[in-house]
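Work through the exercises below with the sequence and the structure open. Each task is followed by a solution in steps.

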Amino acid sequence: MTFPTQRPRRLRRTEALRGFVRETKLSTSGLVYPLFACPGTNVRLEVGSMPGIYQQSVDNIVEECREVAGLGIPAVILFGLPDKKDEIGSEASASDAAVQRAIEALRKAKLDLLILTDVCLCEYTSHGHCGIVKDGEVLNDPTLERLADSALSHARAGADIVAPSDMMDGRVGAIRKKLDTHGFENVAILSYAAKYCSAFYGPFREAAQSTPQFGDRRSYQMDPANAREALREVALDLEEGADIIMVKPALPYLDIIQRVRERFDVPVAAYNVSGEFAMVKAAARNGWVDEKRVVLEILTGIQRAGAQIILTYHAKDAARWLKAC
Ligand code: PBG
């Protein structure tokens with residue numbers, strides 16, 4: 001049966017009808033807000049390419065997290081900036097570094113927030129790579145112990161979920177083993193399983209001061225042209241013990257999110273990364289797009305593709321807008 005019997009416009013006539021048949025209902029309950037913790041007190045430096053996003057000392061992180069919790073956002077993910085960088089990224093696992101202190105302060109503040117932490121070395125190493133470097137090469141196996149130690153330090157400080165973003169092979173297994181042998185079997189792992197080597201991380205590298213000092217990340221992050229390989233990465237991380245898996249970036253990889261969602265029965269997250277955020281902000285500031293509508297459409301699209309958890313710098317704005325609708 002076709003026209004005139006079938007008229008899809010019947011169900012689009014009013015907002016009541018549209019709401020009644022809506023397939024994807026974007027909600028604040030899957031949002032995760034990223035924050036950048038740095039040393040010092042009373043520091044709040046806006047990131048040039050990410051309006052509204054700051055490098056902040058622990059005191060200010062706690063204040064912003066109070067606001068985040070008040071908006072009904074369930075989780076934050078913490079990134080850290082070290083006092084000093086070195087060859088092995090020592091501060092990634094130091095109990096008194098910014099991220100570890102921020103976790104402790106948030107625990108003490110008893111906020112209704114899940115605390116996720118990014119586990120990687122690139123913010124902490126002098127060369128800016130995500131692993132140990134020898135003769136210009138990023139070494140896989142020697143990096144695993146450093147990552148596991150970093151994850152353990154986050155767990156000791158009180159993190160709920162650790163999220164390795166380095167893309168070394170075997171890191172989920174190494175972290176799981178380390179956490180378990182130290183009594184942290186209840187700390188979950190969200191793995192950046194399908195993380196692509198993307199130009200969309202540009203603004204983040206300004207925020208986290210983590211631009212590689214030589215070469216690029218192509219020998220460990222995935223080739224943007226590959227989709228089947230993403231399924232293999234996800235399968236391996238699940239075998240090694242990942243609880244939640246992530247696809248990153250989000251917008252150019254909606255097909256990957258969908259395939260992963262269809263293939264695996266685990267929670268799927270997507271990272272709406274810094275470059276995606278910066279493009280929207282820049283266009284909105286020029287009056288070229290309607291920021292609210294664009295952001296809600298983007299987040300709805302990512303959720304519709306299959307991500308129930310979305311890491312996004314738009315989280316606070318989106319939560320406010322969703323409350324109003
Ligand atoms: C660290 C890391 C990066 C991002 C999250 N964790 C940058 C990178 O891999 O260079 C990117 C996040 C964003 O762009 O918002 N490895």
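A residue counts as exposed when its relative accessible area is over 50%, as buried when that area is under 20%, and as partly exposed in between. The model used here is a predicted one.

**Exercise 1. A nonpolar patch**

Task: Classify Phe20 as buried or exposed, and state which residues make a nonpolar surface patch with Phe20.

Solution:
- Locate the residue: Phe20 belongs to helix 1, residues 15-20.
- Apply the cut-off: the relative accessibility of Phe20 is 72%, so Phe20 is exposed.
- Find the partners: Leu11 and Val21 join Phe20 in a nonpolar surface patch of about 330 Å².

**Exercise 2. The inner face of a helix**

Task: Determine which residues of helix 8 are buried, and what covers them.

Solution:
- Helix 8 spans residues 254-263, and Ile256, Ile257 and Val260 are buried in it.
- Looking down the axis of helix 8, the buried residues lie within an arc of 100 degrees, so they line one face of the helix.
- The cover over these residues includes strand 9 (188-195), strand 10 (244-248) and strand 11 (268-272), together with helix 7 (228-240) and helix 10 (291-305).

**Exercise 3. Salt bridges between helices**

Task: State how many salt bridges there are, and examine the ones that Lys178 forms with Glu145 and with Asp149.

Solution:
- The count comes to 16 salt bridges.
- Side chains of opposite charge can pair when their charged atoms come close.
- In the pair of Lys178 and Glu145, the closest N and O atoms are 2.8 Å apart. Lys178 is in helix 5 (residues 171-181) and Glu145 in helix 4 (residues 141-157), so this pair ties together parts 33 residues apart in sequence.
- In the pair of Asp149 and Lys178, the closest N and O atoms are 3.0 Å apart. Asp149 is in helix 4 and Lys178 in helix 5, so the bridge ties together parts 29 residues apart in sequence.
- Compare with the cut-offs: Lys178 is buried at 15% relative accessibility, Glu145 is partly exposed at 45%, and Asp149 is partly exposed at 26%.

**Exercise 4. A salt-bridge network**

Task: Explain why the salt bridge of Glu67 and Arg320 ties together parts that are distant in sequence, and name the network that contains both residues.

Solution:
- The closest N and O atoms of Glu67 and Arg320 are 2.9 Å apart.
- Glu67 sits in helix 2 (residues 58-70) and Arg320 in helix 11 (residues 315-324), so the pair ties together parts 253 residues apart in sequence.
- Glu67 is partly exposed at 35% relative accessibility, and Arg320 is partly exposed at 35%.
- Through shared partners, salt bridges join Glu64, Glu67, Lys281, Glu291, Lys316, Asp317 and Arg320 into one network.

**Exercise 5. Aromatic pairs**

Task: Count the aromatic pairs, and classify the pair of Phe36 and Tyr313 by the angle of the ring planes.

Solution:
- The whole structure holds 8 aromatic pairs.
- The ring centres of Phe36 and Tyr313 are 6.4 Å apart with planes at 5 degrees, so this pair is stacked; the cut-off for stacking is under 30 degrees.
- Phe36 is in strand 1 (residues 31-37) and Tyr313 in the loop between strand 12 (309-312) and helix 11, 277 residues apart.
- Phe36 and Tyr313 are both buried.
- Ring pairs link Phe36, Phe79, Tyr192, Phe204, Tyr271, Phe277 and Tyr313 into a cluster.

**Exercise 6. Backbone geometry**

Task: Inspect the peptide bonds before Pro4 and Pro249, then the phi angles of Met167 and Gln209.

Solution:
- Most residues other than glycine have a negative phi, and most peptide bonds are trans.
- The bond from Phe3 to Pro4 is cis, with omega near 10 degrees; Pro4 is in the segment before helix 1.
- The bond joining Lys248 and Pro249 is cis, with omega about -10 degrees; Pro249 is in the loop between strand 10 and helix 8.
- Met167 is not a glycine, yet has a positive phi of about 70 degrees. Met167 is in the loop between strand 8 (161-164) and helix 5, and is buried, with a relative accessible area of 4%.
- Gln209, not a glycine either, has a positive phi of about 50 degrees. Gln209 is in the loop between helix 6 (202-207) and helix 7, and is partly exposed at 46% relative accessible area.

Terms used: Residues numbered from 1 in each chain as written. Predicted model: local features only at pLDDT ≥ 70, side-chain atom pairs only at ≥ 80, totals over all residues. Heavy atoms only, no water. Buried < 20%, exposed > 50% of the residue type's maximum accessible area, 1.4 Å probe, protein only. Helix = DSSP H or I, 4+ residues; strand = E, 2+ residues; numbered from the N terminus. Arc of directions from axis to C-beta. Contact = heavy atoms within 4.5 Å. Salt bridge = Lys/Arg side-chain N within 4 Å of Asp/Glu carboxyl O. Phe/Tyr/Trp six-rings, centres within 6.5 Å; stacked < 30°, edge-to-face > 60°.
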